[in-house]
Amino acid sequence: MYKYLIIITLSGLMFTACREAAPKKKTAVKDGKGRKYELVAVVNQPLSSSIQLPAVLEAYQKVSIYPRVNGFVKKVAVDRGSAVRKGQVLITLEAPEIIEQYFAAQSKYLQAKAVFAASKDNFQRTLAVSETPGTISAHDVEVANARMEADSAIMNAELANFRALEATRSYLTVTAPFDGVITERNIHPGALVGPVTKLEGGPMLMLEQEDRLRLVVQVPEVYSAQLSDSRQVSFHVNALPGRNFTGNISRQAGSLSDRYRSEAVEVDVVNSQHLLKPGMYAEMSIPVTGSVQAMVVPASAIVTSTEKKYVVAVREGKTRWIDVQEGNHHSDSSEVFGNLKPGEKVILNANDEIKEGISID
């Protein structure tokens, strides 16, 4: 899915100005052969703008519900589209062997508990009698204490086994881990299910939280460090024409995807009226700040060749090719980074036919 989002992003990126570019003061000049050129001054001014990026809405929480033990489906209390609350029973399973193991473990635990109670009472009586000199030897007291500790260990082992089977028994009742909506159902009463179901087919149920959504967008590398401090974004979806929604950036991945060279950014969206649905595509507008080190020139002043990008500056009456890297764009202005100074003159409509070293009057 993100593969197509990135393709759309890189091919259809658009910008909306937040600040107008500096006015271009043109100066007409000629070279030695009488050819006319227009010069404009380089301006030190970041281009604050907003980038338009495709995004996708996802459920804030989404879980595939699988069985944790082997059993037969006894009852399915929900269906696709059912709204459920946290802790609500979704599916009841049957597994007679688990029930039998549970009661057997309970009996063993109660038996071990009774044996421990008897040995503890015997030790306490032996210890009390031993306080009278010559009645009971110290060895008999040690034997009684050892018996009590052994019975205590056996009781604790049976208790641990009983509690494990008690937890296993609880797995026969499948409950909702959070409030949400059942969006998928793949099971019916009578079906045999188990942990291996995950390998053989889909989940028993799919639960999604829809009253709160995540708007996920992949921000290209060049803009990931320019997100505005305001962090407020706006977006719209094609399914609801004329409706605009706003939100704040809630979290950023903090690293770039090795595959797409982009950073995942998420916006939390309150969806109490359930107008928006997980899976919808959106068009998001994100403000970017630009760079304070950037120089702004007209887009027509940048020459792109197969090897590099450059502008043609006029220094000491001669043309000079200055290598640059491009940043943000708006209208007919572009941010550039290179060996340029504010106020320096560059040729407005430059091309690769303008060679270096041409004298300019």
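1. Helix 2 passes helix 3 in a left-handed crossing. This is a predicted model, and the crossing should be read as a feature of that model. Helix 2 covers residues 96–129 and helix 3 covers residues 138–170. The two pack at an angle of about 160°, and their axes are 8 Å apart. Since angles over 145 degrees count as roughly antiparallel, helix 2 is therefore roughly antiparallel to helix 3. Sorted by class, the residues in the contact of helix 2 with helix 3 are 18 nonpolar, nine polar and nine charged.

2. For the chain as a whole, the model has five helices and 23 strands. The chain has 361 residues, and 40% of them are buried. Among contacts in the chain with a separation of 6 or more, 76% are between residues 24 or more positions apart.

3. One open sheet consists of four strands in the order 5-12-10-7, with antiparallel pairing. Strand 5 (62–65) and strand 7 (83–84) stand at the edges; each has a single partner strand, so one side of each is left without a neighbour in the sheet. At one of these edges, strand 7 is joined to strand 10 (residues 180–185) by two bridges, and the two strands run antiparallel. Within this pairing, A83 stands opposite V181 in strand 10.

4. Another open sheet, also of four strands, has the order 9-8-6-11 and antiparallel pairing. Its edge strands are strand 9 (173–175) and strand 11, each of which pairs on one side only. Strand 11 runs antiparallel to strand 6 (residues 71–76), and two bridges join them. In that pairing F72 stands opposite L192 of strand 11.

5. L192 deserves a separate look. This residue is found in strand 11, which spans residues 192–193. Leaving aside residues up to four places away in sequence, L192 touches G71 and F72. The C-alpha atoms of L192 and N70 are separated by 7.4 Å, while the two residues are 122 residues apart along the chain. Is L192 buried or exposed? L192 has a relative accessible area of 60%, and exposed means over 50%, so L192 counts as exposed.

6. Strand 17 (residues 281–288) gives a buried case. Six of its eight residues are buried, so strand 17 is largely enclosed by the rest of the structure. Strand 17 pairs with strand 14 (residues 232–237) in the antiparallel sense over four bridges. One position in this pairing can be named: the bridge partner of H236 is E283 in strand 17.

7. Which loop holds H274? H274 lies between strand 16 (262–270) and strand 17. Its backbone may be worth inspecting in the model: H274 has a positive phi of about 60° although it is not a glycine. With a relative accessible area of 34%, H274 is partly exposed.

8. E316 also has a positive phi, near 55°, in a residue other than glycine. E316 lies in the loop between strand 20 (309–315) and strand 21 (318–330). The relative accessible area of E316 is 82%, so this residue is exposed.

Key: Residues are numbered from 1 along each chain as its sequence is written. This is a predicted model: local features need pLDDT of at least 70, side-chain atom pairs count only at pLDDT 80 or more; totals for chains, interfaces and linings use all residues. Side-chain values use heavy atoms; hydrogens and water are left out. Buried means under 20% relative accessible area, exposed over 50%, partly exposed in between (1.4 Å probe, protein chains only). Contact means heavy atoms within 4.5 Å. Two strands pair if DSSP finds at least two bridges between them. Axes are lines fitted to C-alpha atoms, for helices over the stretch in contact, and angles run from 0 to 180 degrees between N-to-C directions. Angles under 35 degrees count as roughly parallel, over 145 as roughly antiparallel, 65 to 115 as roughly perpendicular and the rest as oblique. A crossing is left-handed if the near helix is turned anticlockwise from the far one by less than a right angle, and right-handed if clockwise. Ala, Val, Leu, Ile, Met, Phe, Trp, Tyr, Cys and Pro count as nonpolar, Asp, Glu, Lys and Arg as charged, and the others, Gly among them, as polar.
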